[in-house]
Amino acid sequence: MESVRPCGCKGIRTCLICEKEYSISKPNLAAELQEDFLSDEEAHSLINDLDSLPWEISQSGRRKQNYGPKCNFKKRRLRLGSFDGFPKTTRFVQEKFAKVPLLENFQTVEQCSLEYNSERGASIDPHIDDCWIWGERIVTVNIIEDSVLSMIPYRNLKKRYNLDYVSTQKLLDGDESLGEEPKFEDIVVRIPMPERSLIVLYGAARYSWEHAVLREDINSRRVCLAYRELTTPYLPNGSQSQEATEILEKATKFWI
Ligand SMILES: O=C(O)CCC(=O)C(=O)O
């Protein structure tokens, strides 16, 4: 591919014509980003309301506020634990999901506030969110401070993160390339996450790429909300649905 192709591309440069002609694959990242998902006022009041709730210390310099069921990812065991719904002050964020077509029927079962502080060198290592219990759409609402999501192709497919469970699920696009080794090496895709934006990872971005937030991309205090839904077997009419009935009922509640 070092010679100039009839379309004019050469080497790693491609266009739709030569990608089709020579079956050249390009990174297929299914992610949707919506800027200004929150208004300035909404972001401001949200951060004040979150700060009036207790924060817990977490790993890699982060702090968190976790509202959701207890999950044992290794044993694939789900328990209600102390989950009793979500803070009322955050209700409007979940209500705004109804206006996002990709989030049709998204029922939040875990809402996690994450704080990254530059003074602590906070970050999150490359990972794929668990695939046994968390459904296809991983949603993040970035509240304060612009940041970047770094995406890295995942090479040991199916050995970690309960990726083998993906085959039991009904996916959005029925993407056949999921589960194949990514064809790209030494590549990092950097997705900007402006403050007040919404990002949804799904398909290949969810299952074939790890995501991370690098310390270098945290310049002051960043706070976001991460939202997760259940996998289809745990949803109504799914094979495991009885295990999640009470959790789904609590997940409709917002407390004061
Ligand atoms: O902070 C972010 O934007 C990503 C959070 C994340 O990857 C996670 O909660 O699993």
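**An antiparallel sheet and the shell around the ligand**

Strand β10, which covers residues 147-153, and strand β11, which covers residues 189-193, are paired in the antiparallel sense, with 5 bridges between them. This pairing, like everything that follows, is read from a predicted model. Within the pair, Leu 149 has Ile 191 of β11 standing opposite.

Strand β10 has a further pairing, with β13, to which 4 bridges join β10 in an antiparallel run. Two residue pairs help to place this contact in the structure: Met 151 stands opposite His 211 in β13, and Ile 152 stands opposite Glu 210, again in β13. Strands of a sheet in general pair through backbone hydrogen bonds, and they do so either parallel or antiparallel.

Taken as a whole, the sheet is open and consists of 4 strands in the order β8-β13-β10-β11, with antiparallel pairing. Strand β8 (124-127) and strand β11 are the edges of this sheet, and because each of them has a single partner strand, one side of each is left without a neighbour in the sheet. On average, and with direction ignored, neighbouring strands of this sheet are turned by 20° against each other.

The ligand can be placed next. Around the ligand stand Leu 114, Ile 124, Asp 129, Thr 140, Leu 149, His 211, Val 213, Cys 224 and Ala 226. Two elements, β13 (209-213) and β14 (221-230), are those that give two or more residues to this shell. By character, the residues of the shell divide into 6 nonpolar, 2 polar and 1 charged. Two members of the shell have already appeared in the account of the sheet: Leu 149, which surrounds the ligand together with the others, is the residue that stands opposite Ile 191 in β11, while His 211, also part of the shell, is the residue of β13 that Met 151 stands opposite.

Two asparagines in loops deserve a separate look for their backbone angles. Asn 162 lies in the loop between β10 and β11, and its phi is positive, at about 60°, although this residue is not a glycine. Asn 162 counts as partly exposed, because it has 18 C-beta neighbours inside 10 Å, whereas a residue is buried if 20 or more other C-beta atoms lie within that distance.

The other, Asn 237, is placed in the loop between β14 and α5 (245-250), and its phi is near 80°, likewise a positive value in a residue other than glycine. With 7 other C-beta atoms within 10 Å, Asn 237 is exposed, since 12 or fewer such atoms put a residue in that class.

Conventions. Residues numbered from 1 in each chain as written. Predicted model: local features only at pLDDT ≥ 70, side-chain atom pairs only at ≥ 80, totals over all residues. Near = placed C-beta within 6 Å. Nonpolar A, V, L, I, M, F, W, Y, C, P; charged D, E, K, R; others polar. Pairing = 2+ DSSP bridges. Axes fitted to C-alpha atoms, helices over the stretch in contact; angles between N-to-C directions.
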